[in-house]
Amino acid sequence: MKKPSIVLCNHGSFIDFIFAGKLLYKNDFNFITARLYFYHKLLGSTLKNIGCFPKSMFASDLESTKNCMRVLAEGRVLAMMPEARLSTVGVFEDIQSNTHSFLKKSAVPIYTICFKGDYFANPKWGNGCRRGAIVEAELDLLLSAEQVKKMSADEIEAKVTERLYYNEFEWLESRPEIRYKNRKLAEGLENILSICPKCQKSHTIKTKGKKIYCEECGYLTELDERYQFVNEFCFKNFAEWYNWQKAEIAKKIDQDENFSLSSPVTLRHSDQTGKNLTRFAGEGVCTLPIEG
């Protein structure tokens, strides 16, 4: 790889860092990592030793910005996952616009690492890795330094989005030989599936093993070894179910100018002892009204 340079990775699973490190280990690279993981003394020390540095998520972070510029100024490889969060249903998330402005100002070569199959191997909501998983990871040059200098931030954004876009269910259709094995394959889906399609009740979904239930309706369906629903369920897979939920909430927002979402929450802060990532720091109610 030419240096200095930037590597952008899509981000379907927490284990992406392992595969990215495998592809980049011959290069002098530094990885932007969520500040949360540095709260734990042992984990934080390990991350620093392998070249990671922290960033506060979804907030301006001057320290992180300075570290990014330092990596490039010293002729190293800056690696990041610009989606800045794990995918919920295995589909590419959007990237904040200031990321593309940063890429433009950097004026260095931009590489990409595109993952396929990582989400299904260890999904955000899931309970551990799945046996039988295959993960594909490809490192390639996206734009040369000369191209970055000539292009606008919007043009860079279009190129980055085109290259990093992924849809895990579409990818899985092209790999008919893959079968995922886990006795708790469906457990955790209740964290992203919140509305029952039969009774329309909210927060009644439960899972056990491969089966999915509603506290009101009883048994609904279950997952097969390719993450598809069985028994001619009303949705083909959980991505369709999740997208239906979003559409239902969008309807309620359009119909009610005072619509809001509200839930009891627990407040957590960095653990002062460094033995854990976070500590209990209070509780309250989080409300998301129309205004934000």
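## Exercises on a predicted model

Being 3 residues apart in helix α9 (residues 238–255), lysine 251 and glutamate 248 are about one helical turn from each other. The model used here is predicted.

### Exercise 1: a pair within a helix

Find how lysine 251 and glutamate 248 interact, and sort each by exposure.

**Solution.**
- Step 1. Check the distance. The closest N and O atoms of the two residues are 3.3 Å apart.
- Step 2. Apply the cut-off. A salt bridge needs a side-chain nitrogen of Lys or Arg within 4 Å of a carboxyl oxygen of Asp or Glu. Lysine 251 and glutamate 248 form one.
- Step 3. Sort by exposure. Lysine 251 has a relative accessible area of 46% and is partly exposed. Glutamate 248 has 18% and is buried.

### Exercise 2: pairs that link separate parts

Which parts of the chain does the salt bridge between arginine 175 and glutamate 136 tie together?

**Solution.**
- Step 1. Confirm the bridge. The two side chains meet at 2.8 Å, N to O.
- Step 2. Place the residues. Arginine 175 is in the loop between α8 and β7, and glutamate 136 is in strand β6 (residues 136–143), so the bridge ties together parts 39 residues apart in sequence.
- Step 3. Check exposure. Arginine 175 is partly exposed at 24%. Glutamate 136 is partly exposed at 28%.
- Step 4. Take another pair. Glutamate 216 forms a salt bridge with lysine 201, with the closest N and O atoms 3.8 Å apart. Glutamate 216 lies in the loop between β8 and β9, and lysine 201 in the loop between α8 and β7, so this pair ties together parts 15 residues apart in sequence.

### Exercise 3: a sheet and its edges

Work out the strand order of the open sheet and find its edge strands.

**Solution.**
- Step 1. Read the order. The 3 strands run β7-β8-β9, with antiparallel pairing.
- Step 2. Find the edges. β7 (205–208) and β9 (218–222) each have a single partner strand, so one side of each has no neighbour in the sheet.
- Step 3. Look at one pairing. β7 and β8 (residues 211–214) are joined over 4 bridges. Isoleucine 205 has cysteine 214 in β8 as its bridge partner.

### Exercise 4: a buried charge

What does the side chain of glutamate 187 reach?

**Solution.**
- Step 1. Place the residue. Glutamate 187 sits in the loop between α8 (168–173) and β7.
- Step 2. Look for a salt bridge. Glutamate 187 is buried and has none; the nearest side chain of opposite charge, lysine 184, is 4.7 Å away.
- Step 3. Look at the backbone. The side chain of glutamate 187 reaches the backbone nitrogen of glycine 209 at 2.7 Å.
- Step 4. List contacts. Beyond four places in sequence, the contacts of glutamate 187 include Trp125, Asn127 and Thr207.

Methods:
Residues are numbered from 1 along each chain as its sequence is written. This is a predicted model: local features need pLDDT of at least 70, side-chain atom pairs count only at pLDDT 80 or more; totals for chains, interfaces and linings use all residues. Side-chain values use heavy atoms; hydrogens and water are left out. Two strands pair if DSSP finds at least two bridges between them. Helices (H or I, at least four residues) and strands (E, at least two) are DSSP runs, numbered from the N terminus. Buried means under 20% relative accessible area, exposed over 50%, partly exposed in between (1.4 Å probe, protein chains only). Lys and Arg count as positive and Asp and Glu as negative; His and the chain ends are not counted. A polar contact is a pair of N or O atoms within 3.5 Å; within protein, one must be able to donate a hydrogen and the other to accept it, and residues adjacent in sequence count only if both atoms are side-chain atoms. Contact means heavy atoms within 4.5 Å.
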